[in-house]
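Trainee: Hi, do you have a minute to go through a structure with me? I'd like to talk about pockets and then salt bridges.

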Amino acid sequence: MEEHGVQAYAVLGLIARHGPMTPYELKARVEESVEPFWPIPHAQLYRIPARLAADGLLREETEEGGRRRRVFHLTAAGRDALRRWLADPGGPRIETRDPAQLKLFFADLGDPGDVVALAREQAALHRRWLAGYRERRAALDPSDEVRLTSRARILKLGIMHEQAYAEFWEHLAEHPDDLDL
């Protein structure tokens, strides 16, 4: 299972939570749920389920009529693999691939005003993302017992993360020479 990576577990988790899905339906579920913190390229959402089916973690059915859509169902082996992954507190090294952080690292090689412009742009961006997380949090359906807890937790993390980033960039924009951030 490790050769499939974390994206495979996202696919297994979404199918475990929402039931059988086509790759197109998976794309929609990714967009409304995990995409802010774990984007998966759309093309992968067509390849990953087929690989998981070949490994026996999903079962594929093709509709007999109409568009002959491919629908993927979670198997017992897939549920077991998902549970093992969830029970493992470890995982691959955390990835942070933020171009703004890379620019900040090399800022001393550019014009001093560049870092202020970068900080202002990033502060605005993170404020927009913060507002988006808050809107999603406010829109949670308290009667949706299946998703409420997991969504509330991840949205709280997103809110706290974006709040910290926005505050950092705002402070840097206002005080670019302050090394005691």
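Mentor: Happy to! Keep in mind that this is a predicted model. Let's start with the second largest pocket, which has 15 residues in its lining. Nearest its centre lie Ala 107, Pro 112, Val 115, Pro 176 and Asp 177.

Trainee: Which elements give two or more residues to that lining?

Mentor: Helix H5 (99-105) and H6 do.

Trainee: And which element gives the most to the lining?

Mentor: That is H6, with 3 residues.

Trainee: How much space lies in this pocket?

Mentor: The second largest pocket holds about 250 Å³ of space.

Trainee: How do the lining residues divide into nonpolar, polar and charged?

Mentor: The lining of the second largest pocket has 10 nonpolar residues, 1 polar residue and 4 charged ones.

Trainee: Nice. Switching to salt bridges, how many does the count come to?

Mentor: The count is 8 salt bridges. One of the pairs is Glu 60 with Arg 70, whose side chains meet at 2.7 Å, N to O. This pair links distant parts of the chain, with Glu 60 in strand E1 (residues 58-62) and Arg 70 in strand E2 (residues 70-74), 10 residues apart.

Trainee: Why does Glu 60 count as partly exposed?

Mentor: Because its relative accessibility is 34%, and partly exposed runs between the 20% and 50% cut-offs. Arg 70 also counts as partly exposed, at 31%.

Trainee: Which residue does Arg 127 meet in a salt bridge?

Mentor: Arg 127 meets Glu 170, at 2.7 Å, N to O. Glu 170 lies in helix H7 (residues 148-174) and Arg 127 in helix H6 (residues 112-138), so the salt bridge ties together parts 43 residues apart in sequence.

Trainee: So H6 turns up again, after the pocket lining. How accessible are the two partners?

Mentor: Glu 170 is partly exposed at 30% relative accessibility, and Arg 127 is partly exposed at 30% as well.

Trainee: Which residues do salt bridges with shared partners join into one network?

Mentor: Glu 25, Glu 63 and Arg 69. Within that group, the side chains of Glu 63 and Arg 69 meet at 3.0 Å, N to O.

Trainee: What is the relative accessible area of Glu 63?

Mentor: Glu 63 has a relative accessible area of 28%, so it is partly exposed. For Arg 69 the value is 28%, and Arg 69 is partly exposed too.

Trainee: Thanks, that gives me plenty to look at!

Notes:
Residues are numbered from 1 along each chain as its sequence is written. This is a predicted model: local features need pLDDT of at least 70, side-chain atom pairs count only at pLDDT 80 or more; totals for chains, interfaces and linings use all residues. Side-chain values use heavy atoms; hydrogens and water are left out. A salt bridge is a side-chain nitrogen of Lys or Arg within 4 Å of a carboxyl oxygen of Asp or Glu. Helices (H or I, at least four residues) and strands (E, at least two) are DSSP runs, numbered from the N terminus. Buried means under 20% relative accessible area, exposed over 50%, partly exposed in between (1.4 Å probe, protein chains only). On a 1 Å grid over the protein atoms alone, a cavity is a set of points where a 1.4 Å probe fits but cannot get out, and a pocket is an open set with protein on both sides within 12 Å along at least five of seven lines; lining residues have an atom within 4 Å of a point. Grid points are joined across faces, edges and corners, and a volume is the space filled by probe spheres set on the points. Ala, Val, Leu, Ile, Met, Phe, Trp, Tyr, Cys and Pro count as nonpolar, Asp, Glu, Lys and Arg as charged, and the others, Gly among them, as polar.
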